[in-house]
Amino acid sequence: MATNVTLDNSDFFERVYKVVRKIPHGRVTTYGAIAKSIGAPQAARTVGYAMNASHNLPDVPAHRVVNRNGMLTGKHHFPGRDTMQRLLAQEGVMVEQDCVVNFKELLWLPEPLI
DNA sequence: ATCTTGACCTAAT
DNA sequence: CATTAGGCCAAGA
């Protein structure tokens, strides 16, 4: 029973996934917002790292997560060339020059976990 | 066990 | 206004 530890809710990654899964369809958020909502406003870097591991989880839309500038910094980590942009376009999110158009309006801020 | 890297952010110069 | 530096957490070598 003590062999499984990665499924613990106390894990940083699991917390990130939980928030990312809450991102509405056709909406985007930032790493900093996620980090802030989980109680680690300065651990935005780790959030991105968690996303990298979230590739195995189809429930975690990593393509909806961009940096605070609305830039698709992680698009290079997706399979193919513009998979991230394509996924966003499918949801109605237009991307120009690796930047989300109307990013400010499409930005969705998660509620802080109290 | 230590060092380096990484899909970042904020503050200071 | 643009650039630089520091900090944070986690995983790999």
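How do the residues of the surface near DNA strand C divide into nonpolar, polar and charged? They divide into four nonpolar, two polar and one charged. Here Ala, Val, Leu, Ile, Met, Phe, Trp, Tyr, Cys and Pro count as nonpolar, Asp, Glu, Lys and Arg as charged, and the others, Gly among them, as polar.

The model is a predicted one, in which local features need pLDDT of at least 70 and side-chain atom pairs count only at pLDDT 80 or more, while totals for chains, interfaces and linings use all residues. Residues are numbered from 1 along each chain as its sequence is written, chains are lettered from A and ligands numbered from 1 in the order in which they are written, and side-chain values use heavy atoms, with hydrogens and water left out.

Chain A holds five helices and four strands. Helices (H or I, at least four residues) and strands (E, at least two) are DSSP runs, numbered from the N terminus. The order of elements from the N terminus is α-β-α-α-β-α-β-β-α. Chain A has 114 residues, and 39% of them count as buried. Buried means under 20% relative accessible area, exposed over 50%, and partly exposed in between (1.4 Å probe, protein chains only). Contacts, meaning heavy atoms within 4.5 Å, also reach across the sequence. Among those in chain A between residues at least 6 apart, 63% join residues at least 24 apart.

Two helices, H1 (residues 12-21) and H3 (residues 44-53), meet in the fold. Two packed helices are described by the angle between their axes and the distance between the axes. For H1 and H3, the axes come within 9 Å and cross at roughly 80°. Axes are lines fitted to C-alpha atoms, for helices over the stretch in contact, and angles run from 0 to 180 degrees between N-to-C directions. H1 and H3 are therefore roughly perpendicular to each other. Angles of 65 to 115 degrees earn that description, while those under 35 count as roughly parallel, those over 145 as roughly antiparallel and the rest as oblique. On the H1 side, the contact is made by Phe12, Phe13, Val16, Tyr17 and Val20. On the H3 side, Thr46, Val47, Tyr49, Ala50, Met51 and Ala53 take part. Ten residues of this contact are nonpolar, one is polar and none is charged. The buried residues of H1 are Glu14, Val16, Tyr17, Val19 and Val20. They pack against H2, H3 and E2.

The protein also lies near two DNA strands. A residue is near a strand if one of its heavy atoms lies within 4 Å of it. Around DNA strand C are Phe12, Phe13, Gln42, Ala43, Arg45, Thr46 and Tyr49. Of the atoms of DNA strand C within 4 Å of the protein, 76% belong to sugar or phosphate, and the rest belong to bases. H1 and H3 are the elements that give two or more residues to this surface. H3 gives the most, with three residues. Polar contacts are pairs of N or O atoms within 3.5 Å; within protein, one must be able to donate a hydrogen and the other to accept it, and residues adjacent in sequence count only if both atoms are side-chain atoms. An N or O atom in the side chain of threonine 46 is 2.7 Å from a sugar or linking oxygen of DNA strand C. For the side chain of tyrosine 49, the corresponding distance to a sugar or linking oxygen is 3.2 Å.

DNA strand B is surrounded by 16 residues, the closest being Tyr31, Arg45, Met51, Arg68 and His77. Sugar and phosphate account for 49% of the strand B atoms that come within 4 Å of the protein. A backbone N or O atom of methionine 51 lies 3.0 Å from a base nitrogen of DNA strand B. A polar backbone atom of arginine 68 is 2.6 Å from a phosphate oxygen of this strand. The side chain of threonine 73 places an N or O atom 3.3 Å from a phosphate oxygen. Helix H2 (31-37) and H3 each give two or more residues to the surface near DNA strand B. The largest share, six residues, comes from H3. By class, this surface has six nonpolar, eight polar and two charged residues.

Two buried polar residues complete the description. Asparagine 67 sits in the loop between strand E2 (65-66) and helix H4 (83-90). Its relative accessible area is 16%, so asparagine 67 is buried. Its side chain reaches the backbone nitrogen of methionine 71 at 2.6 Å. Beyond its neighbours within four places in sequence, asparagine 67 is in contact with Thr30, Tyr31, Thr73 and Phe103. Serine 37 is found in helix H2. Serine 37 counts as buried, at 3% relative accessibility. A polar atom of its side chain lies 2.7 Å from the backbone oxygen of isoleucine 34.
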